Amino acid sequence: MGRVTERRKVIRIRDGAVSTRPDTLVAEEPLEIRLNGKPLAITMRTPGDDFALAAGFLVSEGVLASAPDLRNIVYCAGATADGSNTYNVVDVTTAPGVTVPDITLERNVYTTSSCGLCGKASLDAVRTTTRHPIADAPPLRVTPELLSELPDRLRAAQRVFDRTGGLHAAALFDEHGELLDVREDVGRHNAVDKLVGRALQSGDLPLSRTVLMVSGRASFELAQKAVMAGIPVLAAVSAPSSLAVDLAAEAGMTLVGFLRGSSMNVYAGEERIALRAAAVRA
C-alpha cells in the first residue's frame, strides 16, 4: 500500500530569507480499476481506501447498487513485469447475475485527480441508470444555521490536510449535522467514491437521509455521484457548474454552493431548506 504522504526537500523563501527544509506532500499515484478481470478505468488518487474507492466508482457508473452485487475486490498480484505487487491495480468481481453495462463506450477510461471522468456529460446516462432515486420520506429538512456549521466540521475532520494542505475532502452528515464519515483524497470525486463505496460495503445504500459536504466546487461529476447514491442534499464551499444544477433539479436533489460562514446559495431543491418565510425576498 502506498503512503498517504511523502517528504520532499524544498527551498523556503520568507521575507527575503532563504532556507532549506523538508516538506510534507500528499501522495498521488495511479489506480487501475478492473471489472471482472478486464481493465476499466485509471484514476489518479491518494492511496488508501482503494477498495471503497473502486466500489463507489462502480456505484456511480450504475454497475453496483447494493452489497449483494459485489462478490469480491482484490489487489492484483503480478501487476508489474517482475511480478511484484504495486497495490495500484484492483480487480472488482461482481456477483453472479449482475448485469454489467458497456460503460466504456460512454466516457473516457482515464480519469484525473482534478476533473474525474472527463467526457461524460449526459443527463440521459444518469437518468436511465439510477437505481436509488432521491426518496427522502418524510422530506429531509435542514436549516441554514446547520448547513453553515458543516464546512468547519469537515475541516476539523481533515487529518491529512493539516500536514499537507493539498487534499480535498468529502463528508457525510445526518440530517441533524452529526458526522457519519469523512474521506480525503487528492481528487474530490475520489473522496466521494470512497464514502459511497464504504456505504455500499456496509449495506447503507441508499443514503437517503444524509447531507454530502465537499470541499471546493460542485461539478456535474460530484452531483452525479450523489444522485447515484440517493443523497438528497449536496453542499459545496465553492461554485456549482451549470450542468450540476441541471442534474440536481432533474433528480430532485438539493444543491447548495458558496457555503461560507452564514452565506450560501441554494441552486436547486430549496424545499429542503427550512427558511423563515419573512426572510425570503425575490
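This is a short tour of four backbone spots in a predicted model.

**Stop 1: Pro138**

Select Ala137 and Pro138. Which kind of peptide bond joins Ala137 and Pro138? The bond is cis. Its omega is about 0 degrees. Now show the helices on both sides. Pro138 sits in the loop between α2 (123–129) and α3 (144–156).

**Stop 2: Pro206**

Move on to Leu205 and Pro206. A cis peptide bond joins this pair, with omega about 0 degrees. Where is Pro206 found? Look in the loop between α5 (188–201) and β11 (210–214).

**Stop 3: Asn36**

Next, select Asn36. Check the backbone angle phi. For Asn36, phi is near 50 degrees. That is a positive value, and Asn36 is not a glycine. Zoom out a little to see the strands. Asn36 lies in the loop that runs between β3 (29–35) and β4 (38–45). Turn on the surface. Asn36 has a relative accessible area of 36%. Because that value falls between 20% and 50%, Asn36 counts as partly exposed.

**Stop 4: Phe258**

Last, select Phe258. What is the sign of phi at Phe258? Phi is positive, about 50 degrees, although Phe258 is not a glycine. Which strand holds Phe258? The answer is β13, residues 254–260. Keep the surface on. Phe258 is partly exposed, at 31% relative accessibility.

**Looking back**

Colour the stops to review them. Pro138 follows a cis bond from Ala137, and Pro206 follows a cis bond from Leu205. Asn36 has its positive phi in a loop, whereas Phe258 has its positive phi in a strand.

Notes: Residues are numbered from 1 along each chain as its sequence is written. This is a predicted model: local features need pLDDT of at least 70, side-chain atom pairs count only at pLDDT 80 or more; totals for chains, interfaces and linings use all residues. Side-chain values use heavy atoms; hydrogens and water are left out. Helices (H or I, at least four residues) and strands (E, at least two) are DSSP runs, numbered from the N terminus. Buried means under 20% relative accessible area, exposed over 50%, partly exposed in between (1.4 Å probe, protein chains only).
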